[in-house]
Amino acid sequence: MCGIVGYVGEKQAAPILLDGLSKLEYRGYDSAGIAVFDGEKINMTKAKGRLKVLEELTHDGATLPGVVGVGHTRWATHGEPSDVNAHPHLNQKGTIAVVHNGIIENYLKLKKKLTGKGYKFVSDTDTEVIAHLLDYYYDGNPLRAITKVMHRMEGSYALGIIFKDYPDELYAVRKDSPLIVGNTEGGSIIASDVPAVLKYTRDVYFIENEEIVRMKKDSMEFFNVDEEAIEKESTHIEWDVDAAEKGGYEHFMLKEMYEQPKAIEDTFSPRIKGKDIVIEELGMSDEEIRAVKKIMIVACGSAYHAGMTGKYVLEGMARIPVEVDLASEFRYRDPILEEGTLVVVISQSGETADSLAALRESHARGAKVLGIVNVVGSSIAREADNVMYTWAGPEIAVATTKAYSCQLIALYLLALKFSKVRGQISDSELSQYIEDLKRIPDQVELLLNNKNKIQKFANRYVAARDVFFIGRGIDYAISLEGSLKLKEISYIHSEAYAAGELKHGTISLIEEGTLVTAVLTQEDLYKKMISNVVEVRTRGAFVLAVTNEGNDEIKRAADYVIYIPETNRFFTNSLAIIPLQLFGYYIAVGKGCDVDKPRNLAKSVTVE
Ligand code: M6R
């Protein structure tokens, strides 16, 4: 996720900004920039690539003198990673500088309005809209301009702002994107995350939604959106730098699991317009959507598992035939891509060598490719005909959690869009699905908060040798992902089976005490699944069941039951995956494994 730092005080701002940004590097970024007011004008330097480039360009900040400024490390969302798209962004006169984390969902509408008023845009970002909008509303009162802009923006934001007219002031504001402020000796500092300020202060204020801060070198005032002064209490930070980078979580994987509710919401909310699904990036007219005869999903690892869920959802809901293939297989199997086939390549990194090769193979065969990608400007994003981004933000743990969850959401959105356009669901059904979608973030949060129960259970299985995951239909797809999560970080052998396949060989592996995780979220398959549970249990297995609230029958068949909240039959994987992620995580923690960097694995597999 992007990083923000701002400073106003007695010291030179630029070295403090660069130092703060370096403490946020772990969050992932593709470009960086700083803007500092020198007493006459706001000077700015921005550069694509590592922070080192910016440090060299500014001679460690020496070329940007001044005591008030803002800095930013950018993880691209709107617009490719580039010098011009890097933050800060200025208004046309160069008198206001803004850094921003988050996504302004209605930026296109605002951009149109501002363009109509004569504003010229130089970047592709949503952030530049904020700089021009501040300019539009600015009448000499920065606080007023900020509150007016807040009323116009939809989406999430944490902002650091400086105004040339107020050389001894720094402003900060946030909504749904974190921001902290603190007092240092002879200055005030803002940052998007604790590690950036720890060197300067351990007493910080956590800014809440729609709160504004006006800082001077020796004062800090807080306001609400009605410009009324409010009181806030500071918090003393005890964490060391390592813990601070992880936001107080023990591992990035756990932190990223906890980021899922927000990542999921960030992925669906820009695509829900009233009672409809609007996926502008799809680049397909309704006629073209109706003309699709088959969808071919290609991906690796967890992205492939998301694709498996996608197959059940797209086929079940939109009634389009879907094939899912591993990219490493697809590229060498002389695939048949008949006219009317839409290829969907799913990838978190957008750099996975096999997935990229599969994309090129599809193009060579004349197919249109839609990318579902997390990293903006990555190779797959650049080469696909159209890209639907998942807004998970950077993922640091090798084992994917939040990016996978967002891939599921992107696939649901695609299924809803195709189903509606192709007449497979009515307006009222679509409305109900949208309601269910909107409930997922809170439901995920609820499941995450149940972590102690799963940790307790996992502790009993730290010494397990083999674990099996079974499910039918969409629950088989989630079993594949649950099994991968467990094995990749805990090094325990685990396999996922379509439950009906057990009798064709695998059941001979079940012995006294073998752990079998059974996923039962499809009501019409409960009975079949319960038979499978009984089969393995009779042979000595210990059965952990993950099922829907209200499925009481399973209590008699399984040893331990975890319930997921109610949703429709297509979205259950988004909920069932949470206990499975937590289970894999706590087993790995219990075994003392290097959870975030499991042996032999890399985050991005850029070789065959
Ligand atoms: O970056 P991608 O989504 O293309 O990566 C695909 C796989 O390498 C990835 O999902 C891998 O399986 C993860 N380690 C799973 O946690």
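Visitor: Where does proline 88 lie, and what is the peptide bond from histidine 87 to proline 88?

Guide: In this predicted model, proline 88 sits in the loop between strand E4 (68-74) and strand E5 (89-90), and the peptide bond that leads to proline 88 from histidine 87 is cis, with omega near 0 degrees. Most peptide bonds are trans.

Visitor: What is the phi of aspartate 60, and why is aspartate 60 called exposed?

Guide: Aspartate 60, which is not a glycine, has a positive phi of about 55 degrees, and its place is the loop between helix H2 (51-57) and E4. Most residues other than glycine have a negative phi. As for the word exposed, the relative accessible area of aspartate 60 is 54%, and the term applies over 50%, so aspartate 60 is exposed.

Visitor: How do you know that aspartate 334 is exposed, and in which loop is aspartate 334 found?

Guide: The loop is the one between helix H11 (327-330) and strand E20 (341-347). Aspartate 334 has a relative accessible area of 56%, which is set against a cut-off of over 50%, and therefore aspartate 334 counts as exposed. Its phi is near 50 degrees, a positive value in a residue other than glycine.

Visitor: Why is arginine 202 called partly exposed?

Guide: Because the relative accessible area of arginine 202 is 31%, and partly exposed covers what falls between under 20% and over 50%. Arginine 202 belongs to the loop between strand E10 (187-191) and strand E11 (203-206), and its C-alpha atom is separated by 9.1 Å from that of tryptophan 239, 37 residues apart along the chain.

Visitor: Is serine 31 buried or exposed, and what makes its link to aspartate 30 a polar contact?

Guide: Serine 31, in strand E2 (residues 31-37), has a relative accessibility of 0%, and buried means under 20%, so serine 31 is buried. The side chains of serine 31 and aspartate 30 are joined at 3.0 Å, and a polar contact is a pair of N or O atoms within 3.5 Å.

Visitor: How do you know that the buried residues of H16 line one face of the helix?

Guide: Helix H16 (residues 451-459) has Ile454, Phe457 and Ala458 as its buried residues. Viewed down the axis of H16, these buried residues fall within an arc of 100 degrees, so they line one face of the helix. The face turned away from that buried side carries the exposed residues Asn452 and Lys456.

Visitor: Which residues are closest to the ligand, and how many surround the ligand?

Guide: There are 15 residues around the ligand, and the closest are Ser347, Gln348, Ser349, Thr352 and Glu488. An oxygen atom of the ligand lies 2.6 Å from a polar backbone atom of glutamine 348, and an oxygen atom of the ligand is 2.4 Å from an N or O atom in the side chain of threonine 352. A nitrogen atom of the ligand is 3.3 Å from a polar backbone atom of valine 398. Of the 410 Å² that the ligand exposes when taken alone, the protein buries 90%.

Visitor: Which domains and which classes of residue supply the shell around the ligand?

Guide: Domain 2 (238-448) and domain 3 (450-596) each give at least three residues to the shell, which has six nonpolar, seven polar and two charged residues. The domain assignment also gives domain 1 (3-237), and the C-alpha centres of domain 1 and domain 3 lie 46 Å apart.

Terms used:
Residues are numbered from 1 along each chain as its sequence is written. This is a predicted model: local features need pLDDT of at least 70, side-chain atom pairs count only at pLDDT 80 or more; totals for chains, interfaces and linings use all residues. Side-chain values use heavy atoms; hydrogens and water are left out. A residue is near a molecule or strand if one of its heavy atoms lies within 4 Å of it. A polar contact is a pair of N or O atoms within 3.5 Å; within protein, one must be able to donate a hydrogen and the other to accept it, and residues adjacent in sequence count only if both atoms are side-chain atoms. Accessible areas come from the Shrake-Rupley method with a 1.4 Å probe; for residues, only the protein chains shown count as cover. Ala, Val, Leu, Ile, Met, Phe, Trp, Tyr, Cys and Pro count as nonpolar, Asp, Glu, Lys and Arg as charged, and the others, Gly among them, as polar. Domain bounds come from an automatic or database domain assignment. Buried means under 20% relative accessible area, exposed over 50%, partly exposed in between (1.4 Å probe, protein chains only). Helices (H or I, at least four residues) and strands (E, at least two) are DSSP runs, numbered from the N terminus. The arc is that of the directions from the helix axis to the C-beta atoms.
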